[in-house]
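These are my notebook entries from a look through the structure shown below. I kept each entry to what I looked up.

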Amino acid sequence: QVQLVESGGGLVQPGGSLRLSCIASGSIFSIYAMRWYRQVPGNEREAVAVITSNGSTSYAISVKGRFTISRDSAKNSVYLQMNSLKPEDTAVYYCNSFLRTVAGTTNDYWGQGTQVTVSS
């Protein structure tokens with residue numbers, strides 16, 4: 001069994017910063033990629049950033065230059081540093097991991113989400 005747990009969300013003023021964390025635990029053999037998504041009620045879930053096993057990163061155009069994804073492979077963790085936050089960044093942020101378990105299965109796993117609210 002694999003679990004992803006996010007933390008670090010909260011309320012921040014426009015222009016402020018937040019750092020999200022996600023830790024994957026359980027029967028993990030290898031993590032191929034970790035992603036951050038976000039979702040506003042009534043909208044589809046949007047991919048925000050991805051980091052692969054070799055460290056390659058990619059960002060949504062809306063966050064490029066403001067958000068930075070990083071990882072700690074030893075801790076099976078991924079982080080999202082969010083700077084210059086805007087009200088339109090308000091959403092529930094979800095951590096996603098595409099990984100192989102010890103049992104040999106490969107699948108996507110999701111965290112429970114953490115709320116980020118940008119408001120004055």
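**Entry 1: R66.** I began with R66, which in this predicted model lies in the loop between β6 (57-59) and β7. I then asked whether R66 is buried or exposed. Its relative accessibility is 11%, so I entered R66 as buried, the cut-off for that class being under 20%.

Next I looked up the polar partners of the R66 side chain. The side chain reaches the backbone oxygen of S62 at 2.8 Å. A second backbone oxygen, that of S84, lies 3.0 Å from a polar atom of the R66 side chain. Setting aside neighbours within four places in sequence, I listed Q81, M82, N83, S84, L85, K86 and D89 as the residues in contact with R66.

**Entry 2: the sheet.** From the loop I moved on to strand β7 and its sheet. In what order do the strands of this open sheet run? I read four strands in the order β1-β3-β8-β7, with antiparallel pairing. β1 (2-7) and β7 (67-72) stand at the edges; each has a single partner strand, so one side of each is left without a neighbour in the sheet. On average, neighbouring strands of this sheet are turned by 15° against each other, direction ignored.

I also checked the pairing of β1 with β3 (residues 18-26), which is antiparallel and runs over six bridges. Within β3, I found C22 as the bridge partner of E6.

**Entry 3: the disulfide.** C22 led me to the sulfur atoms. The structure holds one disulfide, and it joins C22 to C95 with an S to S distance of 2.1 Å. Which parts of the chain does the pair link? C22 is in strand β3 and C95 in strand β9 (residues 91-101); these are distant parts of the chain, 73 residues apart. I noted -80° about the S-S bond, which makes the link left-handed. Both cysteines, C22 and C95, are buried.

**Entry 4: S21.** I closed with S21, which is also found in strand β3. At 17% relative accessibility, S21 counts as buried. Which residues does S21 touch, not counting those up to four places away in sequence? I recorded V5, E6, S7, W36, V78 and Y79. E6 in this list is the residue whose bridge partner is C22. I also looked up the separation of S21 and L4: 17 residues in sequence and 10 Å in space, C-alpha to C-alpha.

Technical notes. Residues are numbered from 1 along each chain as its sequence is written. This is a predicted model: local features need pLDDT of at least 70, side-chain atom pairs count only at pLDDT 80 or more; totals for chains, interfaces and linings use all residues. Side-chain values use heavy atoms; hydrogens and water are left out. Two strands pair if DSSP finds at least two bridges between them. Helices (H or I, at least four residues) and strands (E, at least two) are DSSP runs, numbered from the N terminus. Axes are lines fitted to C-alpha atoms, for helices over the stretch in contact, and angles run from 0 to 180 degrees between N-to-C directions. Buried means under 20% relative accessible area, exposed over 50%, partly exposed in between (1.4 Å probe, protein chains only). A polar contact is a pair of N or O atoms within 3.5 Å; within protein, one must be able to donate a hydrogen and the other to accept it, and residues adjacent in sequence count only if both atoms are side-chain atoms. Contact means heavy atoms within 4.5 Å. A disulfide is a pair of cysteine sulfur atoms within 2.5 Å.
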